[in-house]
Amino acid sequence: MTFIYPVDSNKAHPLPLSPEYKSSIKRAPNKPLIPMRHTLSELTGPVYGHETVRKGDNDLTTQHRGEPIGERIIVHGHVRDEDGRGVPNSLVEIWQANSCGRYVHVRDQHPAPLDPNFTGAGRTVSDASGYYRFVTIKPGAYPWGNHHNAWRPAHIHLSVFGHSFVTRLVTQMYFPNDPLFPFDPIFNSVPDEKARARMVSSFDLENTQPEWALCYRFDIVLRGKNATPMENH
Amino acid sequence: MQEPVKPDGITPSQTVGPFFKYGLTPTGEYAWNDAFTSSTLTPDVTGDRIRIEGRVFDGDGVAVPDCMLEIWQADAQGRFADPQDKRALPNASFRGFARCGTDKDGNYSFETIKPGAVPDPDGKPQAPHILLAVFGRGMLRHLYTRIYFSDEAGNAGDPVLALVPSDRRATLTAVREAGKPVYRLDLRLQGDNETVFFDV
């Protein structure tokens, strides 16, 4: 194995302990993470083909008998590495609240309606250029108990694999110009402003379909493989 | 299709939150299909079948009921189901990946096979190990760790375990139950006996 994944890239991530986000206080390690050289174990990773994904799994608006309530949207983009190369054949899983800000989850007791035609989960596999596409409903903001008058900005959770165990990523896609951004400790747990901006999708008029759905573009950037002998990092 | 442009950095991580179960681990109360289960076992897999089980605790020693764990491992001959592993082909259907959520008492378990030794970057064998990623509410980025096995003599010479202070190595070592193919390893996210997590 003659490639390494740059460790510097990890600076874009949130710090494990972000006290404003109260759930992090008892769940962040106190002791520093131990740096290690990547071995074959870290440099390999699950690569999934289309057998995992069923037809229609990327359209969250057609999984039930009727049409879900809310604003239909297209979410698409590329999974790329930080050098701009498309990441093909990467499984992308999403989950989200419905248009009222309610999750299909036994622990979500937010007094907003559940939509019998929307359960809010989907998956797809990126194509040869790393492109992926979902059709879904714009999720609503919802209250949470973190602090007084705490509301999460509308977001879609995304889980992406990339091609090694060290490119594994779970993130959240936000929507442009959300007025809740300044007040959300999860969004703001990412210290770097430019890195935070990479979690915000852009409105995509060109791919918005007339009379049917607005479109948002969200490019997902995973760590890039440096063609460098892995002698140290 | 957009022209590829070099981005100015990677997409940051965010927590899976408390409501991931429908999307990612939909067993039990939910009807969405599972992409993955907590077992790596396939009909043609060879090797010693084992179960790994334990509990996840937070800094107060309270069980964490909303964690998701993922494992990635080599087969019994130390080969990965990944095209980047150029050695002999692995068992035809073995993938080496599994996922499970914790239950209300913080319990997790995986059905798998004991992995073989995988070479380190210098070509020397590492002790058998499984990679483990831990996701959860309150965890803004998932944590990486490894599972080693209490009955492996090779642990003493393992280059990654050697990076870990000796008094913390037990946090990475699943202990074999007497007479059973079961290994136990509890995870502690914080505090006394905090699990060793790696910066990869």
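How much space lies in the largest cavity? About 80 Å³, and we'll get to its walls after a look at the two chains. Everything here comes from a predicted model, where local features need pLDDT of at least 70, side-chain atom pairs count only at pLDDT 80 or more, and totals for chains, interfaces and linings use all residues. As for bookkeeping, residues are numbered from 1 along each chain as its sequence is written, chains are lettered from A and ligands numbered from 1 in the order in which they are written, and side-chain values use heavy atoms, with hydrogens and water left out.

Let's start with chain A. Its secondary structure comes to two helices and 12 strands, taken as DSSP runs numbered from the N terminus (H or I over at least four residues for a helix, E over at least two for a strand). Reading from the N terminus, the order is β-α-β-β-β-β-β-β-β-β-α-β-β-β. The C-alpha atoms of chain A fit a box of roughly 55 × 40 × 30 Å along the principal axes. The radius of gyration of chain A is 19 Å, which agrees with the value near 17 Å that a compact globule of 233 residues would have; this radius is taken over C-alpha atoms, and the globule rule is 2.2 Å times the number of residues to the power 0.38.

Of those 233 residues in chain A, 58% are buried, where buried means under 20% relative accessible area, exposed means over 50%, and partly exposed is in between (1.4 Å probe, protein chains only). The accessible surface of chain A is about 9900 Å², with 56% belonging to carbon and sulfur atoms; areas come from the Shrake-Rupley method with a 1.4 Å probe, and for residues only the protein chains shown count as cover. Now for contacts, meaning heavy atoms within 4.5 Å. Among those in chain A with a separation of 6 or more, 73% are between residues 24 or more positions apart.

Chain B has one helix and 10 strands, and the helix leads off: α-β-β-β-β-β-β-β-β-β-β from the N terminus on. With a radius of gyration of 18 Å, close to the 16 Å that the globule rule gives for 200 residues, chain B is as compact as a globular protein of that length. Its C-alpha box is roughly 50 × 40 × 40 Å along the principal axes. In chain B, 57% of the 200 residues count as buried. About 7800 Å² of chain B is exposed, and carbon and sulfur atoms supply 52% of that. Of the contacts in chain B between residues at least 6 apart in sequence, 66% join residues at least 24 apart.

For a close-up in chain B, find Arg188(B) in strand β9 (residues 187-188). Arg188(B) counts as partly exposed because its relative accessibility is 29%. Leaving out residues up to four places away in sequence, Arg188(B) touches Phe57(B), Asn193(B), Glu194(B), Thr195(B) and Phe197(B). Val64(B) sits 124 residues from Arg188(B) along the chain, with 9.6 Å between their C-alpha atoms.

Now for the empty space. Rolling a probe the size of a water molecule over the atoms shows where such space is left. On a 1 Å grid over the protein atoms alone, a cavity is a set of points where a 1.4 Å probe fits but cannot get out, while a pocket is an open set with protein on both sides within 12 Å along at least five of seven lines; lining residues have an atom within 4 Å of a point. Points are joined across faces, edges and corners, and a volume is the space filled by probe spheres set on them.

The largest pocket has a volume of about 410 Å³. Its lining has 23 residues, and Trp144(A), Gly145(A), Pro18(B), Phe19(B) and Arg137(B) lie nearest the centre. Elements giving two or more residues to this lining are β6 (142-143) and β8 (155-160) of chain A. By class, the lining has eight nonpolar, 10 polar and five charged residues, with Ala, Val, Leu, Ile, Met, Phe, Trp, Tyr, Cys and Pro counted as nonpolar, Asp, Glu, Lys and Arg as charged, and the others, Gly among them, as polar.

Back to the cavities: the whole structure has seven of 30 Å³ or more. The largest cavity is lined by 14 residues, with His13(A), Thr167(A), Arg168(A), Leu169(A) and Arg223(A) nearest its centre.
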